[in-house]
Amino acid sequence: MKGKVIQTPVAPLTHTPDQNAVLQDEIFYGMPITVLEETGDWLHVETPYRYRGYIPAACAAGCAYPADLTVTAAFGDLLSGPSVNSALRLSVPRGANLLSCGEKQDGWLPVRTVSRETCYIKADRVSPFVPYALPQDAQSFRKAVLRTAYTYLHTPYRWGGKTPQGIDCSGFCSMCYLLNGVVIYRDASIQPGFPVRPIPLEYAAEGDLLYFPGHIALYLGAGRFLHATAKDGDDCVTEASLNPSDPGFRADLTASLLTAGSIFAVSP
């Protein structure tokens, strides 16, 4: 096994090394990956959030990249110089990781690309990278997760997607947590080895998760939730409810709710 880093804005990850395979995940620029096997033009890889699949080999480079910034705007343009009329080198989505290489000047930050070129990005497009660890302050974390969640509001649904161009239900929830330093399972289930534990719905609070067969949502409290749905008429990240008297009531999801989930302990 060896380490590489994603060098394209997004690397499409599939379960098989086939360009016609269904998209299962998207790995972002600057993310380190572990290469499990090289298969011709494909790499079998594991992500930092422990998800496995195949990506085109051209999406990854073999160099260390100690990123210290994360793109938190919908997209961030990397330009050749610190001005809006500089040449565009690359545009990367929310979740991409970058390596700073100097001080901010007139609202611009110099960054080093994976190919070791110095580029510039507007400072308000990025935030310091949040190391992966369980939060100590539950209230602050919950509020941060909801702030992140609303930045995806109305993002179109895309199976396997995780960007503001298109996102699926588990991609949405996992990104809301990952951007705030917590790794949860990428798919719509509770799995051993990850911090989410099932809890009764009556103990769920804002920022917790709701699990349905093949679906996951972010709980807002009082029966309401945000989710990425492919339902005709919605087909985006939208707000919905478990309460029949609320706008956006989803009778189908209410009837099939499996459990709520939380990374925090609850006291019945």
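**Reading salt bridges, strands and hollow spaces**

Reader: Let me start with one side chain: is lysine 162 buried or exposed?

Author: Lysine 162 counts as buried, because its relative accessibility is 1%. The general idea is a scale of relative accessible area, computed with a 1.4 Å probe on protein chains only: under 20% is buried, over 50% is exposed, and anything in between is partly exposed. Before we go on, please keep in mind that this is a predicted model, in which local features need pLDDT of at least 70 and side-chain atom pairs count only at pLDDT 80 or more, while totals for chains, interfaces and linings use all residues. Residues are numbered from 1 along each chain as its sequence is written, and side-chain values use heavy atoms, with hydrogens and water left out.

Reader: Thanks! Which residue forms a salt bridge with lysine 162?

Author: First the rule: a salt bridge is a side-chain nitrogen of Lys or Arg within 4 Å of a carboxyl oxygen of Asp or Glu. Here, the partner of lysine 162 is aspartate 25, and the closest N and O atoms are 3.2 Å apart. This pair links distant parts of the chain, with aspartate 25 in strand β3 (residues 23-28) and lysine 162 in strand β15 (residues 162-163), 137 residues apart. Labels such as β3 come from DSSP runs, numbered from the N terminus: helices are H or I runs of at least four residues, and strands are E runs of at least two. Aspartate 25 counts as buried too, because its relative accessibility is 0%.

Reader: How many salt bridges does the rule give?

Author: The count comes to 13 salt bridges. Arginine 224 is a nice one to look at, since two of its partners can be followed on screen. With glutamate 239 it forms a salt bridge whose closest N and O atoms are 2.7 Å apart. Glutamate 239 lies in strand β21 (residues 236-241) and arginine 224 in strand β20 (residues 224-229), so this pair ties together parts that are 15 residues apart in sequence. Arginine 224 also forms a salt bridge with aspartate 246, where the closest N and O atoms are 3.5 Å apart. Aspartate 246 sits in the loop between β21 and α3 (251-256) and arginine 224 in β20, so that pair ties together parts that are 22 residues apart in sequence. Salt bridges that share partners also join Asp25, Lys162, Asp168 and Arg186 into one network.

Reader: What is the accessibility class of arginine 224, and of glutamate 239?

Author: Arginine 224 is buried, because its relative accessible area is 18%. Glutamate 239 counts as partly exposed because its value is 32%, and aspartate 246 is partly exposed because its value is 21%.

Reader: Now the strands. Which way does β17 run relative to β22, parallel or antiparallel?

Author: Two strands pair if DSSP finds at least two bridges between them. Strand β17 (residues 197-199) and strand β22 (residues 259-262) run antiparallel and are joined by three bridges. To find the register, look at arginine 197, which stands opposite serine 262 in β22. Strand β18 (residues 209-212) is also joined to β22 by three bridges, again antiparallel. There, leucine 210 has alanine 260 in β22 as its bridge partner.

Reader: And how should I read the pockets? What is the volume of the largest pocket?

Author: Picture a 1 Å grid over the protein atoms alone: a cavity is a set of points where a 1.4 Å probe fits but cannot get out, a pocket is an open set with protein on both sides within 12 Å along at least five of seven lines, and lining residues have an atom within 4 Å of a point. Grid points are joined across faces, edges and corners, and a volume is the space filled by probe spheres set on the points. The largest pocket has a volume of about 280 Å³. It is lined by 19 residues, and those closest to its centre are Thr70, Thr72, Thr148, Leu179 and Asn180. Helix α1 gives the most to this lining, with three residues. The second largest pocket holds about 170 Å³, and its lining includes Asp168 and Arg186.

Reader: Which residues line the largest cavity?

Author: The lining is Tyr49, Lys162, Ser174, Met175, Leu178, Val182, Val183, Ile184 and Arg186, around about 70 Å³ of space. So you meet Lys162 once more. The largest share, three residues, comes from α2. There are two cavities of 30 Å³ or more, and the second largest has a volume of about 40 Å³.
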